[in-house]
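Visitor: I am new to this structure, and I would like to understand the reasons behind the words used for it. Could you take me through them step by step?

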Amino acid sequence: MFLVLAIILVLAWLGGFTLMHVSGFLIHLLLIFAVISLIMHFIGGSRKSV
């Protein structure tokens, strides 16, 4: 789940940064959240839901 969230956030960041030419604080927060999600995915590992 964290991997999917990271991919979506990176794509949203790239889209906002390149398509809208916005380099504001909120766009860079998306990248930070994506990196945190990716780190949580690798630290937590894959957990199987019951």
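Guide: Let us begin with Ser37, which is found in helix H2, and keep in mind that the model is a predicted one.

Visitor: Why is Ser37 called buried or exposed, whichever of the two applies?

Guide: Ser37 has a relative accessible area of 6%, and the word buried is used for values under 20%, so Ser37 is called buried. Leaving aside its neighbours within four places in sequence, Ser37 is in contact with Phe2, Leu5, Ala6 and Leu9.

Visitor: What makes those residues contacts of Ser37?

Guide: Contact requires heavy atoms within 4.5 Å, and Phe2, Leu5, Ala6 and Leu9 are in contact with Ser37 on that basis.

Visitor: How do you know whether Trp13 counts as buried or exposed?

Guide: Trp13, which lies in helix H1, has a relative accessibility of 16%; since buried means under 20%, Trp13 counts as buried. The C-alpha atom of Trp13 is separated by 8.5 Å from that of Leu29, although these two residues are 16 residues apart along the chain.

Visitor: And why is Leu11 described as it is, buried or exposed?

Guide: Leu11 also has its place in helix H1, but its relative accessibility is 55%, and because exposed means over 50%, Leu11 counts as exposed.

Visitor: What makes Val10 partly exposed?

Guide: Val10 is found in helix H1 and has a relative accessible area of 31%; partly exposed is the term between the 20% and 50% limits, and therefore Val10 is given that term. Between Val10 and Leu31 there are 5.9 Å in space, C-alpha to C-alpha, while in sequence they are 21 residues apart.

Visitor: Which residues form the nonpolar patch on the surface?

Guide: The patch is formed by Leu3, Ile7, Val10, Leu11, Leu14, Leu38 and Phe42, which together have about 610 Å² of accessible area. Helix H1 (2-18) and helix H2 (25-44) are the elements that give two or more residues to this patch, and H1 gives the most, with five residues.

Visitor: How many helices and strands are in the protein chain as a whole, and what share of its residues is buried?

Guide: The protein chain has two helices and zero strands, and buried residues make up 14% of its 50 residues. About 4,200 Å² of the chain is exposed, of which carbon and sulfur atoms supply 79%.

Terms used
Residues are numbered from 1 along each chain as its sequence is written. This is a predicted model: local features need pLDDT of at least 70, side-chain atom pairs count only at pLDDT 80 or more; totals for chains, interfaces and linings use all residues. Side-chain values use heavy atoms; hydrogens and water are left out. Patches are made of residues with over 30% relative accessible area and no salt bridge: like charges are joined within 9 Å, nonpolar side chains (Val, Leu, Ile, Met, Phe, Trp, Tyr) within 5 Å. Accessible areas come from the Shrake-Rupley method with a 1.4 Å probe; for residues, only the protein chains shown count as cover. A salt bridge is a side-chain nitrogen of Lys or Arg within 4 Å of a carboxyl oxygen of Asp or Glu. Helices (H or I, at least four residues) and strands (E, at least two) are DSSP runs, numbered from the N terminus. Buried means under 20% relative accessible area, exposed over 50%, partly exposed in between (1.4 Å probe, protein chains only).
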